[in-house]
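Student: Can we go through this one together? I keep meeting labels and I'd like to know what stands behind them.

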Amino acid sequence: MKTLTINFNSPLQSYGNEASFSRRTSSDYPSKSAVIGMLAAAMGYRRDDNRITALNDLKFAVRVDQPGRTLTDYQTVEWKKGTRKITYRDYLQDAVFVAAVGSDDSQLIDELADALRHPKFQLFLGRRANVPAGPLKLHTVADENPVQALSNLEWQASTWFQRQKKESVVSVDLIADADLLPKSLHTSGLAKDNVISFDQRHRQLSFRAIASQRIQLTNQSFEKTTADTDHDVFNII
């Protein structure tokens, strides 16, 4: 299996779960449907393109490298003449995630990576206003599934965030298709992010089984911070 990892980094991100006219919340990490939507946009698929559902076959996992803080915004909407309502939108601030998609079709993974580097349609992280913070950081790896690839990829949190962690090893959450974590003790149940249709006239999602676990990553900034501190002490002495 060949796997593509994608860094999700932006001042604001949002991944809808429960939604109504007056309130739209965000999940704590990118959903599989959000990643499929990004891949479909990069490939130039329109919302009613039948090729989108084939992307559900991609194996999927996501790692929470830097949990975001929730920001709630409100908008005043005139939904009919003379009648206004306040609607609330939740966003994740300063979050960093790494999503991974895998397939036995290595050519497909290469095509997806190339499309993300040269997207046909605008890419965004959950909502149209949430554009990536620069070009997407991509990495492909052969002979590893998404869980293996994310377990071996170095910590992608912001440098300032890493320096706040006064420890050489950190634990982060990894959420994946349940069949990628068959021995996980933390099965999360079902996620409603399997794409049936993105068509705005009848948008539909179905459930998929997911599991999660904590994995250990090396904090590269801890060694640098310790070395800088030792150097300062030496200078003082």
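**Surface and labels**

Tutor: Let's start outside: the protein chain exposes about 13,500 Å², with carbon and sulfur atoms supplying 49% of that. Such areas come from the Shrake-Rupley method with a 1.4 Å probe, and for residues only the protein chains shown count as cover. This is a predicted model, where local features need pLDDT of at least 70 and side-chain atom pairs count only at pLDDT 80 or more, while totals for chains, interfaces and linings use all residues. Residues are numbered from 1 along each chain as its sequence is written, and side-chain values use heavy atoms, leaving out hydrogens and water.

Student: Why does Tyr74 count as exposed?

Tutor: Exposed means over 50% relative accessible area, buried under 20%, and partly exposed in between (1.4 Å probe, protein chains only). Tyr74 has 52% relative accessibility, so Tyr74 counts as exposed. You'll find Tyr74 in strand β5 (residues 69-80); strands are DSSP runs of E, at least two residues, and helices are runs of H or I, at least four, numbered from the N terminus.

Student: And why is Asp105 called partly exposed?

Tutor: Its relative accessible area is 39%, so Asp105 falls in the partly exposed class. Asp105 sits in the loop between β6 (83-103) and α2 (106-117).

Student: How much of the protein chain counts as buried?

Tutor: Of its 237 residues, 42% do.

Student: What makes up the helix and strand count of the protein chain?

Tutor: Five helices and ten strands.
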